[in-house]
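Please examine the sequence and the model shown below. This report describes the surroundings of the ligand and then the strands.

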Amino acid sequence: MFGTGRYSGWRVVKEALTGHKGWGPAWRDPEPQASYDYIIIGGGGHGLATAYYLAKEFRQARIAVLEKGYLGGGNVGRNTTIIRSNYLLDGNEPFYEFSLKLWEGLEQDFNFNAMVSQRGIINLIHTDAQRDAFTRRGNAMILNGADAELLDREQVRAMYPFLNFNNARFPIKGALMQRRGGTVRHDAVAWGYARGADSRGVDLIQNCEVTGIRTEQGRVTGVDTTRGFIGAKKVGVAVAGNSSRVMAHVGMRLPMESHVLQAFVSEGLKPLIDGVMTYGAGHFYVSQSDKGGLVFGGDIDGYNTYAQRGNMPVVEDVAEGGMSLIPMIGRARLLRSWGGIMDMSMDGSPIIDKTDIEGLYFNGGWCYGGFKATPASGWCFAHLLATDRPHETATAYRFDRFRKGLMIDEKGQGAQPNLH
Ligand SMILES: Cc1cc2nc3c(=O)[nH]c(=O)nc-3n(C[C@H](O)[C@H](O)[C@H](O)COP(=O)(O)OP(=O)(O)OC[C@H]3O[C@@H](n4cnc5c(N)ncnc54)[C@H](O)[C@@H]3O)c2cc1C
């Protein structure tokens, strides 16, 4: 094992008694080698998970992850930390349920405390039609082996009596609940996968931007980077919001747009919301961190950008959503906000597929729901890279679904990325 050895309770006690001199860096800082069997572009959650499972589950070696900044500096460390598998469509639900099952054993698997907290998620219902739709979704979840419960208004009131139940336009009539949903400390997921991959010999190379992808006779041969050319037999792209820019290196236009999504954290408050809640009449979702801050968000800003910060109109829109659902939130002060770049696909669902260039593989289009997908995305991408076959839960995530009309449009919005 490379790195700093296994973490355990005994180790904490031992280090406490010996002055904490035994802790080393959680991963190495290697120089890039001349070539690898596998290069993963992007040291976010998905890239790191891919490298981890490639090494651990598929027993592959000579793997590098190339990250243009620092590990976890992208969306994996910027999201609102919600995990769930409450999807409706066949192409999605088995994949997200696979992911939730992986979350359930993740900390033991990669020996890192990622604070996986299955505190439950509720999607609020405001109309009878919405109850019908959520009932259908709950049944689809159960058919796919997930858990789902329909709550009536009084059950929701018992959980969160301070919600605006009698809002004249959007009264709360109940909720769809998934008790196994919840939150995970997002940056610890990047660190856990990084440490687990490093300990299996994966080179994690930071400050190494990929500036070109070289091919010869239709086959990938390696990548140009800010630290020189690095050869590779197979290259996997997992760069989330930068997908279009990286795939442009091989002249590929993606069915995708990049948009900014903002997140917000309030000042620390006493325990108030012990689960995750989404508003069914506006776009607003909220949970409370262990430090007491309300962590919330809403819609994307709605214009194409690669900036990792948003603008005031959406701040106002999200605040209005919060106020209409939880009026007392207006008395809390906002402590921080930030943005991340979303790879919004045309149908709101991701792509995990080969490209027409041999040895070049693509993982992206996660929109603003890719954090919950991190374990399954990494596993399925590793499966594809190692075996050249899609994993059974990811067979629908193909490029050609747009050509064949097999869209996985969970929201039913059509080809409008800004609405997914
Ligand atoms: C505000 C916000 C809230 C969100 N909330 C949720 C949520 O509650 N639940 C949920 O499931 N999802 C959520 N998401 C979405 C989720 O965070 C993303 O879908 C997911 O993290 C994307 O995958 P990733 O972790 O690999 O991306 P990233 O962490 O962005 O990783 C991609 C990496 O690629 C690197 N890169 C880019 N170009 C290059 C290059 N040329 N060379 C080398 N490296 C490169 C980037 O620096 C980056 O580190 C949210 C996102 C945001 C921004």
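## Polar contacts of the ligand

In this predicted model, a polar side-chain atom of Glu67 lies 2.7 Å from an oxygen atom of the ligand. The protein buries 96% of the 1000 Å² that the ligand exposes when taken alone.

Backbone atoms take part as well. A polar backbone atom of His46 is 3.1 Å from an oxygen atom of the ligand. A nitrogen atom of the ligand, in turn, is 3.0 Å from a polar backbone atom of Phe371.

## The shell around the ligand

How many residues surround the ligand? There are 37, and Glu67, Asn75, Val76, Thr80 and Lys372 are the closest. Sorted by class, the shell contains 17 nonpolar residues, 15 polar residues and 5 charged residues.

Three elements each supply at least two residues of this shell: helix H2 (45–56), strand E12 (256–268) and strand E16 (334–345). Strand E12 gives the largest share, with 3 residues. Both domain 1 (9–85 + 87–112 + 186–255 + 348–419) and domain 2 (121–181 + 257–345) contribute to the shell, each with at least three residues.

## The open sheet of eight strands

Strands E12 and E16, which help to surround the ligand, also belong to an open sheet of 8 strands. The order of the strands is E5-E6-E4-E13-E14-E15-E12-E16, and their pairing is mixed. Which strands form the edges of this sheet? They are strand E5 (149–152) and strand E16, each of which pairs on one side only. On average, neighbouring strands of the sheet are turned by 25° against each other, direction ignored.

At one end of this order, E12 and E16 run antiparallel and are joined by 11 bridges. Within this pair, Val265 stands opposite Arg336 in E16.

## The hairpin of E17 and E18

Another pair consists of strand E17 (residues 351–354) and strand E18 (residues 360–364). These strands pair in the antiparallel sense over 4 bridges. One of the partnerships links Ile351 with Gly364 in E18.

Between the two strands of this hairpin there are 5 residues. Which residue of the hairpin takes a positive phi? The residue is Gly359, with a phi near 85°.

Notes:
Residues are numbered from 1 along each chain as its sequence is written. This is a predicted model: local features need pLDDT of at least 70, side-chain atom pairs count only at pLDDT 80 or more; totals for chains, interfaces and linings use all residues. Side-chain values use heavy atoms; hydrogens and water are left out. A residue is near a molecule or strand if one of its heavy atoms lies within 4 Å of it. A polar contact is a pair of N or O atoms within 3.5 Å; within protein, one must be able to donate a hydrogen and the other to accept it, and residues adjacent in sequence count only if both atoms are side-chain atoms. Accessible areas come from the Shrake-Rupley method with a 1.4 Å probe; for residues, only the protein chains shown count as cover. Ala, Val, Leu, Ile, Met, Phe, Trp, Tyr, Cys and Pro count as nonpolar, Asp, Glu, Lys and Arg as charged, and the others, Gly among them, as polar. Domain bounds come from an automatic or database domain assignment. Two strands pair if DSSP finds at least two bridges between them. Axes are lines fitted to C-alpha atoms, for helices over the stretch in contact, and angles run from 0 to 180 degrees between N-to-C directions.
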